[in-house]
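Welcome, and please get your viewer ready. We will go from one selection to the next, with a word on what to look for at each stop.

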Amino acid sequence: MEAFARSLAHSPVERVVLAGGEPLDWLPTLSVIKTIKEAGCEVVIATNGVPLTRPGLARTLVGLGVDGVSVSLDSARRRQRPPAALPLRPRRPP
């Protein structure tokens, strides 16, 4: 991932969105963000928001120059989730 991030310096890419799984749970994410920013690109993080409760993480992201954070607000309650959302756990037959 670092090699990809470094390759952005001489590319037409202007913005990188880190998404999939939970990017803030992947240990090298902060280093990759730094490299992407050094390449001159905007960085947006797509997260479920839980990692943002870790002490200091939000300030670290601001310090790295993260340009945006997209937070998923899906609910664990079936009635409150959008119809396209996958079930959180299989339903048992009645």
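Let's begin with a single side chain: is threonine 35 buried or exposed? Select threonine 35, which you will find in helix 2. Its relative accessible area is 11%, and because the cut-off for buried is under 20%, threonine 35 counts as buried. Now show what surrounds it: leaving aside residues up to four places away in sequence, threonine 35 touches Glu2, Ala5 and Arg6. Keep in mind throughout that this is a predicted model.

**Zoom out**

Switch to a cartoon view of the whole protein. You should be able to pick out three helices and three strands. Follow the chain along the sequence and the pattern reads α-β-α-β-α-β.

**Strands 1 and 2**

Next, select residues 15-18 for strand 1 and residues 42-47 for strand 2. These two strands pair in the parallel sense, with four bridges between them. To get from strand 1 to strand 2, the chain passes through helix 2, residues 29-38, in a right-handed β-α-β crossover. For one particular bridge, highlight arginine 15 together with its partner in strand 2, glutamate 42.

**Strands 2 and 3**

Keep strand 2 selected and add strand 3, residues 68-71. Strand 2 and strand 3 also run parallel, joined by four bridges. Here the chain travels from strand 2 through helix 3, residues 57-64, to strand 3, and this β-α-β crossover is right-handed. A bridge to pick out is the one between isoleucine 45 and its partner in strand 3, valine 69.

**Out to the surface**

Turn on a surface representation and select Met1, Phe4 and Trp26. Together they form a nonpolar patch on the surface, with about 350 Å² of accessible area. Which helix holds phenylalanine 4? Phenylalanine 4 lies in helix 1, residues 2-7. With a relative accessible area of 44%, phenylalanine 4 is partly exposed.

**The whole protein once more**

For the last stop, select everything. The protein has 94 residues, and 28% of them are buried. It exposes about 7100 Å², of which carbon and sulfur atoms supply 57%. If you draw a contact map, consider the contacts with a separation of 6 or more: residues 24 or more positions apart account for 65% of these.

Key:
Residues are numbered from 1 along each chain as its sequence is written. This is a predicted model: local features need pLDDT of at least 70, side-chain atom pairs count only at pLDDT 80 or more; totals for chains, interfaces and linings use all residues. Side-chain values use heavy atoms; hydrogens and water are left out. Two strands pair if DSSP finds at least two bridges between them. A crossover is right-handed if, with the strands pointing away from the viewer, the path from the first strand over the helix to the second runs clockwise. Patches are made of residues with over 30% relative accessible area and no salt bridge: like charges are joined within 9 Å, nonpolar side chains (Val, Leu, Ile, Met, Phe, Trp, Tyr) within 5 Å. Accessible areas come from the Shrake-Rupley method with a 1.4 Å probe; for residues, only the protein chains shown count as cover. A salt bridge is a side-chain nitrogen of Lys or Arg within 4 Å of a carboxyl oxygen of Asp or Glu. Buried means under 20% relative accessible area, exposed over 50%, partly exposed in between (1.4 Å probe, protein chains only). Contact means heavy atoms within 4.5 Å.
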